[in-house]
Amino acid sequence: MNKRVTPEFITSLEPNEIFVFGSNLKGMHGGGAAYVAYRKFGAIMGQGVGLQGQSYAIPTMQGGVETIRPYVDEFIQFAKLHTELTFLVTRIGCGIAGFTDEEISPLFKAAHGVENIVLPPNW
């Protein structure tokens, strides 16, 4: 059985699904997936980290890849504690932030064994 993967474009969510997107620390959700999270899934302008509505922000704009790792680790722990929710991870950091899949996907290695985290293809 193949593990579920996050679709390229998410336009709707089931009640138990959470849209996981790349943010900036100031929570200015003006573009990319952050804007989608703000317009459609309850992201709060001014909140750059964590659960908000049916979305979860992981900051990706504050420096190099290693500055993202603590937020990814925090997210994975959060998901493990909230098994009633399914987290659809977008290609965080691979749009406006300018990172590649090869740079970001290793940060999610620990998420592979977490049943309620859905990752993009090839992550």
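**Salt bridges and the largest pocket**

In this predicted model, the side chains of Arg69 and Glu66 meet in a salt bridge, with 2.9 Å from N to O.

Visitor: Is Glu66, one partner in that pair, buried or exposed?
Guide: Residues count as exposed when their relative accessible area is over 50%. Glu66 has a relative accessible area of 51%, whereas its partner Arg69, at 31%, is partly exposed. Because the value for Glu66 passes that cut-off, the class to give Glu66 is exposed.

Visitor: How many residues apart in the chain are Arg4 and Glu17?
Guide: The side chains of Arg4 and Glu17 meet in a salt bridge of 2.8 Å, N to O. Arg4 sits in the segment before S1 and Glu17 in strand S1, and the pair, which links distant parts of the chain, is separated by 13 residues.

Visitor: Which parts of the structure does the salt bridge between Asp101 and Arg91 tie together?
Guide: The closest N and O atoms of Asp101 and Arg91 are 2.9 Å apart. Asp101 lies in one part and Arg91 in another, ten residues away in sequence, so the pair ties together helix H3 and the loop between strand S4 and H3.

Visitor: Which element gives the most to the lining of the largest pocket?
Guide: The largest pocket holds about 740 Å³ of space, and 34 residues line it, with Gly32, Ala33, Thr90, Arg91 and Gly95 the closest to its centre. Strand S1, helix H1 and helix H3 each supply at least two residues of that lining. With four residues, the element that gives the most is H1.

Definitions and conventions
Residues numbered from 1 in each chain as written. Predicted model: local features only at pLDDT ≥ 70, side-chain atom pairs only at ≥ 80, totals over all residues. Heavy atoms only, no water. 1 Å grid on protein atoms, 1.4 Å probe; cavity = no way out; pocket = protein on both sides within 12 Å on 5 of 7 lines; lining within 4 Å. Points joined across faces, edges and corners; volume = space filled by probe spheres on them. Salt bridge = Lys/Arg side-chain N within 4 Å of Asp/Glu carboxyl O. Buried < 20%, exposed > 50% of the residue type's maximum accessible area, 1.4 Å probe, protein only.
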